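Hi,

Here is the structure I said I would pass on. Have a look at it first, and then read my notes underneath.

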Amino acid sequence: MDAQRWMWTAWPAFLAAAVMEMVVFAFVDPLDVHWLGSPLEWSRSAIYTVAFFAFWLVMLLCSAMTRMLARSIQDLNGGIVSEPLAD
């Protein structure tokens, strides 16, 4: 994947992760976050950072899947389009 196509995937994912971070932590105090039943013993900034990268990864996967599903037939088959089989 060339750099331009990579940025078409990464930049919207970055922006979506930033919005998600703001929305989630507007309602959740990072010091109240629990993992597997026990509270995290991390600082607020560590929780903000890890959460942002987790959100970014999820959004990046969503953007990559959208780009994959939006590919044309020519991209997938190298320009070869087969005709449907006659019954």
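Below is what I found, going from the helices to a few single residues.

One thing before you start: this is a predicted model.

**The two helices**

Let me begin with H1 and H2. Helix H1 covers residues 3–27, and helix H2 covers residues 44–69. H1 has 25 residues and reaches 36 Å from its first C-alpha to its last, close to the 36 Å expected at 1.5 Å a residue. For H2 there are 26 residues, and the distance from first C-alpha to last is 37 Å, close to the expected 38 Å.

How do H1 and H2 pack, and at what angle? Their axes are 7 Å apart, and the angle is about 135 degrees. The cut-off for roughly antiparallel is over 145 degrees and the range for roughly perpendicular is 65 to 115, so H1 and H2 are oblique to each other. The crossing of H1 past H2 is right-handed. If you sort the residues in the contact of H1 with H2 by class, you get 20 nonpolar, two polar and three charged.

**What is buried between them**

On the H1 side, the buried residues are Thr 9, Ala 10, Ala 13, Ala 17, Glu 21 and Phe 25, and the buried residues of H1 pack against H2. On the H2 side, you will find Ile 47, Ala 51, Phe 52, Phe 55, Leu 60 and Ser 63 buried. H1 is included in what covers those buried residues of H2.

Two residues of H2 are worth clicking on. Ser 63, which sits in helix H2, has a relative accessible area of 19%; buried means under 20%, so Ser 63 counts as buried. Leaving out residues up to four places away in sequence, Ser 63 touches Thr 9 and Ala 13. Both of those partners are on the list of buried residues in H1.

The other one is Ala 51, also a residue of helix H2. Ala 51 is buried, with a relative accessible area of 14%. With residues up to four places away in sequence not counted, Ala 51 touches Glu 21 and Phe 25. Ala 51 and Glu 21 are 30 residues apart in sequence, yet the C-alpha to C-alpha distance is 7.3 Å.

Glu 21 comes up again with Ala 54, which lies in helix H2 too. Here the separation is 33 residues in sequence and 9.8 Å in space, C-alpha to C-alpha. Is Ala 54 buried, exposed or partly exposed? Its relative accessibility is 39%, so Ala 54 counts as partly exposed.

**The loops**

Now for the part with the strands. Strand E1 is 34–35 and strand E2 is 38–39, and the loop between them holds Leu 36. What stands out in the backbone of Leu 36 is its phi, near 55 degrees, a positive value in a residue other than glycine. As you know, most residues other than glycine have a negative phi. The relative accessible area of Leu 36 is 79%, so Leu 36 is exposed.

Moving along, Glu 41 is in the loop between E2 and H2. Glu 41 is exposed as well, with a relative accessible area of 70%. In sequence, Glu 41 and Leu 31 are ten residues apart, and their C-alpha atoms are 8.1 Å apart in space.

If you open just one view, I would pick the contact of H1 with H2, with Ser 63 next to its partners Thr 9 and Ala 13, and Ala 51 with Glu 21 and Phe 25.

Cheers

Definitions and conventions:
Residues numbered from 1 in each chain as written. Predicted model: local features only at pLDDT ≥ 70, side-chain atom pairs only at ≥ 80, totals over all residues. Heavy atoms only, no water. Axes fitted to C-alpha atoms, helices over the stretch in contact; angles between N-to-C directions. Helix = DSSP H or I, 4+ residues; strand = E, 2+ residues; numbered from the N terminus. Parallel < 35°, antiparallel > 145°, perpendicular 65-115°, else oblique. Left-handed = near helix turned anticlockwise from the far one by under 90°. Nonpolar A, V, L, I, M, F, W, Y, C, P; charged D, E, K, R; others polar. Expected span 1.5 Å × (residues − 1). Buried < 20%, exposed > 50% of the residue type's maximum accessible area, 1.4 Å probe, protein only. Contact = heavy atoms within 4.5 Å.
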